Amino acid sequence: MRYRQSSDLTRCWGRPVSSDIRAMTAELASNPDSLVFLELGEALRRRGQLYAAAKAAVVGLERHPQLADSHDLYARILVDMGHLQQAYDEWQATVELDPQHLGAHKGLGFLCYRWGDLDGALEHLELAVAADPMDQSVVQALQMVRGAAAELTEAPEEPQQSVFQGLDGAHHGLLLFDTRGRVLGGGMSSHLGEDVSRDVAAYVSGGCQEADRSSRILELGDWRWMVLEGPGGSMHVSRSPSNTLLLVARDGSVPSGRLAVLAKRAAEAARQWLEAQQP
Amino acid sequence: MSEQFKQALDGITRVRGVRGALMVTDDDGLIIADAVMEGVRGDAVAALAASLSARMAKATVGAGVGEQHFLHLQAENGTLLSMPAPNGVLIVVLAENDVNVGLVRLEMLRAVEAVK
C-alpha cells in the first residue's frame, strides 16, 4: 500500500484573517475599554470559533453593558451556538437600549419565525424595515413571512401524522421528509421543546444533496446512511423508499449502535406507512 | 510541526481499509496535509468532505445535536469520515465500507490532538 505525503501549513495558519484577529486581540489586551471587541467577536464568529467569539463578546458586555451593539453581537454568537432562548433575551435587551436596532429586530424576527410565531416575526421585521427600508434581506424576509402567514390562514388543517406510532420519540425525535425538505410525518423538537421539524428537514435534505454529489464524484456508489455526532447527542439520516429521507435524533445517552437499531425500526415503519399511502 | 502531522496521518492510514487521510481547511476544503493511496483524488475528497460537513452543520444545530464532532457517511462502496480540529482544520478519512470505524476514530482523535 503506497501513500503520497504532502504538507502545506500556510493554508492553515497563513490566512490573513488570523493576523487581523491577532492584532485585534492585542489591541483589546492593551486597551480593555476599546470597542474593537465588536469587530473581533464578529470575525471569530464568522470563522466558526464560537467559544472564542463568545468570550470576546462577554468581555465587551462587562465593560459596555449599556451598548446595544454588544448585546446584538452576543445574540448572533448564541444563535450560531444553538442557544436560541438566550439569543432572544440578548436581542430583547438590545431593543430595550435601542428600540430601532436593525440587527436585533432582524434577529428577533428570525427567531419568532423559527418558533412558528408569525405575528411576532411580522412585528419585528416590520420594525426592521422601518429602521432601514433599503435592506433587501429584511424586505425579502418580510415578504416571505407575510406569504407564510397568508398560506396558514388559507390552508386546511393538516391531518394527524402517525407514521411512527408506537415508536419511542415518534413526535419529537423521528422525522420522515422528502428530498425537497417537505415533512411527511413524525416530528423533531429542540431541547427547549420547540417544533423544529421544518427547519431540520430543510437543512438535512440540503445536506443529503451534498452527500449524493460526494458519493457520485468519489465513486462510492449510493450512500446508505449518515451519522452525525455532537455535544448534544447524535443523528442518523438514511434513505427511505419513494425518494424520502428518515432522520432519527437522540441525546448523548443513546450509543450510536442503538441509534442504528432505532433507525432500522423507524425505516420499517416508514416503509409500511408509505406503502399504505399508495393509491 | 509537519512531521507531527505526518505521524498523525500515518496513524490513520495504518488502519486496515483506509484509502486516505487528510487535514483540510474546514471553510474551503483545501489540503493542508494528506496521505492518500495512488488513484485517490485527494483534492476532491478534501473539497467534498468540507462541503458536506458545512452543509450538515446547520442540521445538527437545528436538531439539538450541536456543533458537529464527527460525521460518518456510509456508501455502497466506501466510507467518508470527518472530524473537526482546532484552528479551522478538518480531519478527513476515505476508507473501504468494511473499515473498523472505531479504530479510525481513535486515530482521528489523535490527529486532532496533533493539530492543537
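How many residues of chain A are in contact with how many residues of chain B? In this predicted model, 53 residues of chain A meet 56 residues of chain B. Put together, the two chains bury about 4,900 Å² between them, and carbon and sulfur atoms account for 60% of that area.

A good place to begin a tour of this interface is its polar side. Between chain A and chain B, 13 residue pairs are in polar contact, counting pairs with both residues at pLDDT 80 or more. The interface also holds 2 salt bridges. One salt bridge joins the side chain of A:Glu229 to that of B:Arg105, with 2.6 Å from N to O.

On the chain A side, the elements that each give two or more residues are strand E1 (3–7), helix H1 (10–13), helix H4 (50–63), helix H10 (197–217), strand E4 (223–230) and strand E5 (233–240). Of the chain A surface touching chain B, H10(A) supplies the largest share, with 13 residues. Sorted by character, the chain A residues that touch chain B comprise 24 nonpolar, 16 polar and 13 charged.

The chains also meet through strand pairing. Strand E4 of chain A, one of the contributors named above, is linked by 6 bridges to strand E3 of chain B, which spans residues 70–75. These two strands run antiparallel. Within this pairing, A:Trp223 has B:Ala75 in E3(B) as its bridge partner.

Key: Residues are numbered from 1 along each chain as its sequence is written. Chains are lettered from A and ligands numbered from 1 in the order in which they are written. This is a predicted model: local features need pLDDT of at least 70, side-chain atom pairs count only at pLDDT 80 or more; totals for chains, interfaces and linings use all residues. Side-chain values use heavy atoms; hydrogens and water are left out. Contact means heavy atoms within 4.5 Å. Buried area is the accessible area (1.4 Å probe) that two parts lose on being put together, summed over both. A salt bridge is a side-chain nitrogen of Lys or Arg within 4 Å of a carboxyl oxygen of Asp or Glu. A polar contact is a pair of N or O atoms within 3.5 Å; within protein, one must be able to donate a hydrogen and the other to accept it, and residues adjacent in sequence count only if both atoms are side-chain atoms. Helices (H or I, at least four residues) and strands (E, at least two) are DSSP runs, numbered from the N terminus. Ala, Val, Leu, Ile, Met, Phe, Trp, Tyr, Cys and Pro count as nonpolar, Asp, Glu, Lys and Arg as charged, and the others, Gly among them, as polar. Two strands pair if DSSP finds at least two bridges between them.
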